[in-house]
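Here are a few exercises to work through with the model open in your viewer. Try each task before you read its solution.

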Amino acid sequence: MSLVGTDERLRAALGRSQALVAFIEGDALVLASDGIRAIVGDREGTHAALKTLLTSVAAEARATARVEGHLTDASGNERRVTFELTVLEEAPERRVIAIGQDVTAGWAREADLARRATTDALTGLPNRALLGDRIGQALLSAEREGTSAALIVLDLNDFKHVNDTFGHSVGDALLREVADRTRRELRESDTVARLGGDEFAILLPPPGDVVSALTAARKIRQALEQPLLVGGAVARTSASIGIALFPQHATTADALLDRADAAMYAARRAGSAVAVYDSEHDMRSSSVLVQLDEIAKAIAGGELDLNYQPTVRLSDRRPLRAEALVRWTHASRGKLRPAEFLALAERGGFGPALSAWVLQAALRRCREWRDAGIDAGVSVNVGLRDLLDPALPDRIRSALSATGLDARALTLDVSEEVLKNDAMRLKRPLLALANVGVRLALDDFGTGTASLRLLQRLPLSEVKLDRRFVSEVCTSVESWAFVRSGIDVAHDLGLEVTAEGVEDKATAYVLERLGCDVAQGTYFTRSPDGFEPGFLRAGELDTAPLN
């Protein structure tokens with residue numbers, strides 16, 4: 001007589017269980033719980049698949065075993081399940097109990113994160129990580145065949161004007177349209193990738209030469225010069241394009257991308273549409289040296305300043321902190337945003353000096369807020385070079401001591417892009433900063449490859465959802481689902497969630513209903529330059545209920 005058959009009460013109890021429980025005797029599936037039937041229904045094919053999944057492992061199991069597999073539910077959807085099998089008796093007939101769980105949601109979430117690791121969320125194009133892999137493969141192929149490969153870097157001109165004039169939603173639509181038009185002008189074998197912001201790259205695999213690269217650049221430029229109807233508005237754009245070749249200009253993927261990028265900036269400086277890399281485009285060229293000299297004088301001469309964007313707790317609209325955003329008031333070019341000078345400053349070796357200036361200036365302003373009775377902190381962005389600098393923790397301690405601020409007044413924002421390829425290398429530096437007592441925030445969450453495991457391993461206090469998802473949370477089902485999922489995941493790990501790019505009341509309302517803790521954006525300030533102590537003290541934030 002079977003083990004289950006000896007006790008009808010046990011059979012009945014297990015049969016009614018909503019857990020996934022099954023008994024196997026020999027090669028027969030003798031019992032499946034209500035929990036299993038709730039998933040698979042009464043379909044014979046699915047029960048046969050379950051029997052095959054469990055009995056094949058049960059027959060070979062020694063004491064315990066684990067099995068993963070897929071089942072088709074009553075609606076025809078695929079469900080991912082795992083079972084732990086335990087051998088109860090060997091004789092006279094092998095009897096095994098299987099206890100399982102439905103892991104479909106977690107599996108789908110991990111699969112989605114894996115997809116995001118190689119895909120740009122806004123355009124659906126390959127991202128920088130996937131592009132780097134394909135460049136590496138193309139260079140190996142070109143070397144074997146004794147031929148060349150070409151890389152094109154494209155950056156939109158006056159994209160900031162589109163954003164400022166029509167809004168970020170139109171700007172995002174423009175980027176999607178640029179991606180589509182670029183793809184249509186190229187071959188299936190070519191790779192179009194988005195590097196970030198308004199910058200794209202095109203890889204022409206072997207035998208990509210200067211003629212094919214110039215031809216592709218001309219076709220792309222002509223396609224982009226046509227008016228674009230986006231979001232009900234007619235936008236016009238153009239692009240600066242740089243070209244670099246393997247092996248003429250570089251022999252590694254990183255160097256090839258750097259050369260193409262330098263050529264693109266040369267095209268922009270010259271006011272021409274396209275430039276092929278020349279050694280004069282590198283950091284030793286006279287024009288670049290002039291710009292680097294201007295950056296050095298700006299850091300030393302007071303041409304830099306910080307704007308502040310408020311970060312507000314959604315439940316009561318209380319300002320918690322503000323993000324410091326550096327600006328450069330150039331003598332002839334006016335106010336420059338970080339994208340217009342930070343990359344060159346980093347390449348020229350001014351990154352540490354610039355970071356030190358931002359840190360000290362931000363903490364001094366935070367001290368002024370505290371002295372004015374405003375209990376708000378400040379956050380600053382830190383890059384890869386900053387994090388790898390072993391002196392950074394001591395510099396932060398010194399700056400905090402000079403201003404008399406507690407370490408928790410400072411939040412360091414680390415972008416997901418920075419962590420993409422260096423997460424494990426950065427674990428120790430991040431732990432050292434956490435030991436100082438400052439808060440660490442994962443910035444731009446959703447743009448890179450951060451996995452649940454990574455979030456668990458790093459000493460983070462906060463996750464900041466990327467603006468592109470937040471801005472569409474009211475209009476895009478996909479963005480709404482990502483924001484909801486991101487909030488749930490972060491809360492499960494005990495992390496505070498901040499939504500970046502909140503520009504209107506409707507977005508703030510949806511975020512609060514989804515359980516988001518904190519919001520950041522222009523909705524919470526009357527000025528695009530951020531807030532000042534007097535503004536906050538006057539209580540001018542919109543504290544009315546969002547609903």
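**Exercise 1.** Is Arg 439 buried or exposed, and which residue does Arg 439 meet in a salt bridge?

*Solution.* Keep in mind that this is a predicted model.
- Step 1: start with the area. Arg 439 has a relative accessible area of 8%, and buried means under 20%, so Arg 439 is buried.
- Step 2: look for a partner. The side chain of Arg 439 forms a salt bridge with that of Glu 496, at 3.1 Å from N to O.
- Step 3: place the two on the chain. Arg 439 belongs to strand β18 (residues 439–445) and Glu 496 to strand β20 (residues 496–500), so this pair links distant parts of the chain, 57 residues apart.

**Exercise 2.** Find what Glu 500 pairs with in a salt bridge, and work out which strands the pair ties together.

*Solution.*
- Step 1: check the atoms. Glu 500 and Lys 464 form a salt bridge, and their closest N and O atoms are 3.9 Å apart. The cut-off for a salt bridge is 4 Å.
- Step 2: map the strands. Glu 500 sits in β20 and Lys 464 in β19 (residues 462–465), so the salt bridge ties together parts 36 residues apart in sequence.
- Step 3: check burial. Glu 500 is buried at 9% relative accessible area, and Lys 464 is buried at 2%.

**Exercise 3.** Put these pairs in context: how many salt bridges does the structure hold?

*Solution.*
- Step 1: take the total. The structure holds 29 salt bridges.
- Step 2: pick out another pair. Arg 370 and Asp 375 form a salt bridge, with the closest N and O atoms 3.5 Å apart. Arg 370 is partly exposed, with a relative accessible area of 25%.
- Step 3: look for a network. Salt bridges link Arg 66, Glu 68, Arg 80 and Glu 84 in one.

**Exercise 4.** Take helix α8 and decide where its buried residues lie around the axis.

*Solution.*
- Step 1: get the geometry. Helix α8 (residues 210–225) has 16 residues and spans 22 Å from its first C-alpha to its last, close to the 22 Å expected at 1.5 Å a residue.
- Step 2: list what is buried. In α8 these are Ala 213, Ala 216, Ala 217, Ile 220, Ala 223 and Leu 224.
- Step 3: look down the axis. The buried residues of α8 fall within an arc of 130 degrees, so they line one face of the helix.
- Step 4: check the start of α8. There, a side-chain oxygen of Asp 209 comes to within 3.3 Å of the backbone nitrogen of Val 211.

**Exercise 5.** Classify the ring pair of Tyr 308 and Trp 369: stacked or edge-to-face?

*Solution.*
- Step 1: count the pairs. There are three aromatic pairs.
- Step 2: use both numbers. The ring centres of Tyr 308 and Trp 369 are 5.2 Å apart and the planes meet at 80 degrees; angles over 60 count as edge-to-face, so that is what this pair is.
- Step 3: locate the rings. Tyr 308 lies in strand β13 (residues 304–313) and Trp 369 in helix α12 (residues 351–371), so the pair ties together parts 61 residues apart in sequence.
- Step 4: check burial. Tyr 308 is buried at 2% relative accessibility, and Trp 369 is buried at 0%.
- Step 5: look for a cluster. Phe 445, Phe 469 and Phe 482 form one aromatic cluster.

**Exercise 6.** How many disulfides does a search of the whole structure find?

*Solution.*
- Step 1: run the search. The result is zero disulfides.
- Step 2: compare two cysteines. Cys 366 is buried at 0% relative accessible area, whereas Cys 474 counts as partly exposed at 40%.

Methods: Residues are numbered from 1 along each chain as its sequence is written. This is a predicted model: local features need pLDDT of at least 70, side-chain atom pairs count only at pLDDT 80 or more; totals for chains, interfaces and linings use all residues. Side-chain values use heavy atoms; hydrogens and water are left out. A disulfide is a pair of cysteine sulfur atoms within 2.5 Å. Buried means under 20% relative accessible area, exposed over 50%, partly exposed in between (1.4 Å probe, protein chains only). Helices (H or I, at least four residues) and strands (E, at least two) are DSSP runs, numbered from the N terminus. The expected span of a helix is 1.5 Å times one less than its number of residues. The arc is that of the directions from the helix axis to the C-beta atoms. A polar contact is a pair of N or O atoms within 3.5 Å; within protein, one must be able to donate a hydrogen and the other to accept it, and residues adjacent in sequence count only if both atoms are side-chain atoms. Rings of Phe, Tyr and Trp (its six-membered ring) pair if their centres lie within 6.5 Å; planes under 30 degrees apart count as stacked, over 60 as edge-to-face and the rest as tilted.
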